[in-house]
Every structure is written in structure tokens, then in C-alpha cells.
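Trainee: I am new to this structure, and I would like to go through it with you in questions and answers.
Mentor: Gladly; let us look at it together and take one topic at a time.

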Amino acid sequence: MAVLVFVEVGEGKVRKSSLEAVAYAHLMGGGVTAIALGTVAASELESLGKYGAQKVLHVADSKLDQPVIQAYASVLAKAMQDENADVLVLANSSLATPVGAKVAIKAKASFASNVVELPSTASGFVVKRSIYTGKAFSMVEMKNQKKVIVLKKNAAEAKEVGGTAQIVPYSVALSDADFATKITATEKASGDILLPEAEIVVSGGRGMKGPEHWGILEDLAKALHAATGCSKPVSDMNWRPHHEHVGQTGVKVAPQLYIAIGISGAIQHLAGVNSSKCIVVINKDPEAPFFKAADYGIVGDAFDVLPKLTEAVKSMK
Amino acid sequence: MKILVCISHVPDTTSKINFTDGGTKFDTNGVQFIIGPYDDYALARAIELKESIAGTTVTVLNVGLADTEPTIRKALAIGADDAIRVNAEPTDSYFVASQIAANAQGYDLILMGRESIDYNGGVVHAMVGELLGMPSLSPVMKLDIEGTKVKMSREIEGGKESVEANLPLVAGCQEPIAEWKIPNMRGIMSARTKPLKVVEATSSDKTVVTQKFELPAPKGAVKMISADNVSELVNLLKTEAKVL
């Protein structure tokens, strides 16, 4: 089975979620070709070989430094055809998911997003999808010969298998219609760890009592090399920006460790964190429903526990 | 301007999820169905545009069986002018997108939520755009119309992007694009008589088939640690959970 993997580049670097996608494709067996668009260092592309890519197509068109969904979809659909790929694998992101959907239409492929593990090919081609915002799974048979799969975080571990990849320049003629949406500005919190990709997330709720108290939460996040998140009321009150809102209608995270401070644990918040490997809840109310969903809990005041926890983390290292 | 708002009919966010018939059917017992929360944002923005741009009409569309009609009537009560129900079960993203595309001729703006909160595909807008040859964008947090130009703000990982495109356009919406609207008594009364057209699904082959549903494995009991012994937590995270 020939598999094409979309490798997403951010600020000239391959995103970690894309390494997971390459590793996933490698585990599917068969040939793995990766494709990267826009400006990126050759050393970054060569490193994809270590995760299982045999070939890397590189479209070095600076017009593609901007993540224009339609143009990316046109390139990938053509590459799928040229490479005779049966399956296209992408890691979920605000760019990759719509690109995958558009490629599926162009290539007349079966499409599945939120895929959480390797396909089962014992009878047909069946993938497991996360549904109801992490509250259930569905087993979905992809019937068409061509398939487009968008992975949820942690569908495969980005593990080095120690190969080398050949880098091949590639180009596709694009039309004006491919650039019908124009990105006029991008605002990004620079230098921070991206919340959807973070391995550790420290989140605060109303129990933090106000935006001026976020310093002690950020101290812990810094000590743990973690991203910071928040509950919906906190972003609704503008204590924190909307892109930090974790929950049903915000960012869904899937870190190794999720630490919730002063968050009661409404079902809508749990929906955003239920894919976390380990959940720690710190709340002064012993009846907070979040404790039922936690692995470890501390009943205590955030302003007392947080500084002590930060110190304990620092002294461990 | 003609606006089409596509709405999903989904279990309320607080619903307990269960399946019956050997994991092949969703258990609707005790479940309250609502307009998808993201679709509600799309509808609210459409109504705001109708109020600010003269001659604008808002049509709602739902792909669903007859039991979704109370949800459609609620959208009419909120302020949509008329409705279309495509009489079919919304089984997967591609099927729903192809039904929407088959009924979306002549609209300048097609809005919907960023995703439905049942199957979480998050791609119907992108597929509808592709099927109709229109640009599409999601998740859109701000959408303003100046003539035929649409100015949007879209959430991306760790930030946002400002994007411009021309009508016609498809957008998947999320907060804070508009404030949710609550139907008033006049809206509820008038919704009863607003036109709701039922159309049959166009024959569309299923490209994916759901075989069965599963629930996640139950979670073990929480381990409580004293607030005076925080270093014990760090120790457990390191040696037991192995996440540090």
C-alpha cells in the first residue's frame, strides 16, 4: 500500500504532529512518501527518514509559506495521483483537516478525521474514530479505493526507526482560484508552547480569582515546560485569550499530563481534556466533580498549593 | 443577499452517551436534542447580517429525519425565514456535504458550525466549498461583509489569522462570531407558519460505513494527596504515572 503523508511546516520547522503522521504511515506498512510545502531546511526534511519516510517531495514555492488551504489541497491531490498513493495521512490541524477534506473530494476518496489508532485491514479497511467529543468511538469502514485519514493527536508515537529519506523537488501548477482566500495578517503568541501540541498543560479556572493571579500558574507551567490553558468562564471574562480556552467549544488537548487548578470540571470542560493520559486536579472544594475524572487530586487552595508544587518540580530536576 | 445556515440536530452537551443494539445504535433515551452549539453561532451571525443588510434572507437547512423538525422550528423562531429538511440520516461528513451542496444553489453565503458535536468530523464546510467550487474557511471567529468582500478572522494554533475572500463563500463558525440568540414569544408564534420544505436525499453512495460504536474504558479511582505533601504528587507523577 503506497501512503502519502502531509508534513506541516511551521516557522521553517516540521511540526511534531507530522512526525507522528509519518510514524503512523510507517506502521501501516508499504512505501511512505512525505510531502512538505513552502520554505523549510533540507536537514528538517532529511530527518523525516528517521521516522520512516523513504522519499520526501518538497514544493519549494514561497507562495506556499502562507498556509492557503485551497492551494495546499490542489498540490496534495496532484501528488496523490502522481505518486499513485492509496492513502493520504495528515495530522489534525487548522490547516491539515480542511486540506484533507478537499483532497478527499478531488480524489473521490473515503474520508475519516479524528482517527485514534492504526487501521484494521483484517476485513476491509476499518479505522477507529473519536466521536461525541471524546465520550465514545466509532469503527468506520472506508470503502473507496483511495482514502484520506486525518489523525487525532497520539494516534501513533513519533518513534525513530532509523532510515534515510531521499528529497525530491516537486511542483504543481496553481491557479488564481487556489489563492481565492487571502491571508492579510497572522497574530501568533510567539515563543510559547502550542497548546494543542503540548505534552504538559497547566490550566486555571475561576478559582484563580482574577487575571492578575496568573503569574503563579505561569511559574508552574514554566518549571514543567508546559503550555497554559483555561476554562470557558475564564476566557469569557477575558482573563485569558480565547485560544487558551480548553473544552467542548474550545481547544481539545491530549497531553501526557493535564493539571487543572481551580476548575470545577463541568462536563463541557471534561470533553476537551478526556484524551489526556494523566489528569491532576487541584481544587479547594472536595466535592468538585472534576475529582471523579482525575488520576490524582489535591484538596487545597491554589494560592497555597501552586507555589509549593512549583518548588517541588524545580527541586526534582 | 441570500444566506444558507446549515444546522445539526445533536445531543445536548451534558448528555450521557450510550449505545443500544450491540453498539450499533445511539441510545436516545433521556437525551435532549439541540441545535449544534457551533451552528447556533452561525445562525446568530446570519440573523445579525439580515438585520444590518437590507434585502437579506436566511434559510436554514438540516439533513435529518422527521424528528429533527422541532430543532428546525427553533431556528425559525430565532429568526430564519424558511427551512429545508433533507429527509435522510446524517451518517457521515461526505454524505451530509453532498446533500447540502445539492440544495445550495443561488446562495451568496453558506454558514454552519465548525463541527457537529456528535461525530466531530469538522469538515462539512470544506467539503461543501469544494463540491460547489467556492472558497471555504473554518473556524471563523469574526465575519464582516463589505460589498462582495468578506473579512474574517480565523483561529489557528496559538493565535489567529485575518483572511479576506469574495462572495460566494462557505464558513464554519465558532464563538465569538456572534452572541447566541434566544427566541422570543413572537418568534416562536411566527415559526409555526414559516415554510419548511422537505426534500428527498439525492442518491449518494456511502463512501464510509459505521460498523459499530464503543465507549471508552472506565477510569480508575482518583488518588488523593494531602496539600501539605505536594512533593509526593511530583514523585507519583514521575515514578507511577511516568509523565514527568
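Mentor: Before we begin, contact means heavy atoms within 4.5 Å. This is a predicted model, in which local features need pLDDT of at least 70 and side-chain atom pairs count only at pLDDT 80 or more, while totals for chains, interfaces and linings use all residues. Residues are numbered from 1 along each chain as its sequence is written, chains are lettered from A and ligands numbered from 1 in the order in which they are written, and side-chain values use heavy atoms, with hydrogens and water left out.

Trainee: How many residues of chain B are in contact with chain A, and what area do chain B and chain A bury between them?
Mentor: On the two sides of this interface, 75 residues of chain B are in contact with 79 residues of chain A. Buried area is the accessible area (1.4 Å probe) that two parts lose on being put together, summed over both. Carbon and sulfur atoms give 59% of the area here, and the whole comes to about 6600 Å².

Trainee: Which residues in chain B lose the most area to chain A?
Mentor: Three residues of chain B lead in this respect, and together they make up 11% of what that side buries. They are B:Glu130, B:Glu157 and B:Lys219.

Trainee: Which residue forms a salt bridge with B:Glu130?
Mentor: A salt bridge is a side-chain nitrogen of Lys or Arg within 4 Å of a carboxyl oxygen of Asp or Glu, and the count between chain B and chain A is 7. In the one that involves B:Glu130, the closest N and O atoms are 2.9 Å apart, and the partner is A:Lys106.

Trainee: How many nonpolar, polar and charged residues has the side of chain B that touches chain A?
Mentor: The classes are fixed by residue type: Ala, Val, Leu, Ile, Met, Phe, Trp, Tyr, Cys and Pro count as nonpolar, Asp, Glu, Lys and Arg as charged, and the others, Gly among them, as polar. Sorted in this way, that side of chain B has 38 nonpolar, 17 polar and 20 charged residues.

Trainee: Why is H4(B) described as largely enclosed by the rest of the structure?
Mentor: Helices (H or I, at least four residues) and strands (E, at least two) are DSSP runs, numbered from the N terminus. Buried means under 20% relative accessible area, exposed over 50%, and partly exposed in between (1.4 Å probe, protein chains only). The buried residues of H4(B) include B:His125 and B:Glu130. H4(B) is largely enclosed because the number of its 9 residues that are buried is 7.

Trainee: Where does the side chain of B:Arg154 reach a backbone oxygen?
Mentor: B:Arg154 is found in strand S10 (residues 149–156) of chain B, and at 1% relative accessibility it counts as buried. Among the residues that B:Arg154 touches, not counting those up to four places away in sequence, are A:Ile69, A:Ser94 and B:Pro139. Its side chain comes to 3.0 Å from the backbone oxygen of B:Ser138.

Trainee: What is the omega of the peptide bond from B:Ser138 to B:Pro139?
Mentor: B:Pro139 has its place in strand S9 of chain B. The peptide bond that leads to B:Pro139 from B:Ser138 is cis, with omega near -10°.

Trainee: Is A:Asn238 buried or exposed?
Mentor: A:Asn238 sits in the loop between helix H6 (232–236) and strand S15 (257–261) of chain A, and has a positive phi of about 60° although it is not a glycine. With a relative accessible area of 66%, A:Asn238 is exposed.

Trainee: What area is buried between domain 1 of chain A and domain 2 of chain A?
Mentor: The domain assignment, whose bounds come from an automatic or database source, gives domain 1 (3–179) and domain 2 (195–316) in chain A. The contact takes 9 residues from domain 1 and 12 residues from domain 2. Carbon and sulfur atoms give 39% of the buried area, which is about 860 Å².

Trainee: Which residue forms a salt bridge with A:Arg15?
Mentor: Across the interface of domain 1 and domain 2 of chain A the rule finds 2 salt bridges. For A:Arg15, the closest N and O atoms are 2.7 Å apart, and the partner is A:Glu197.

Technical notes:
A polar contact is a pair of N or O atoms within 3.5 Å; within protein, one must be able to donate a hydrogen and the other to accept it, and residues adjacent in sequence count only if both atoms are side-chain atoms.
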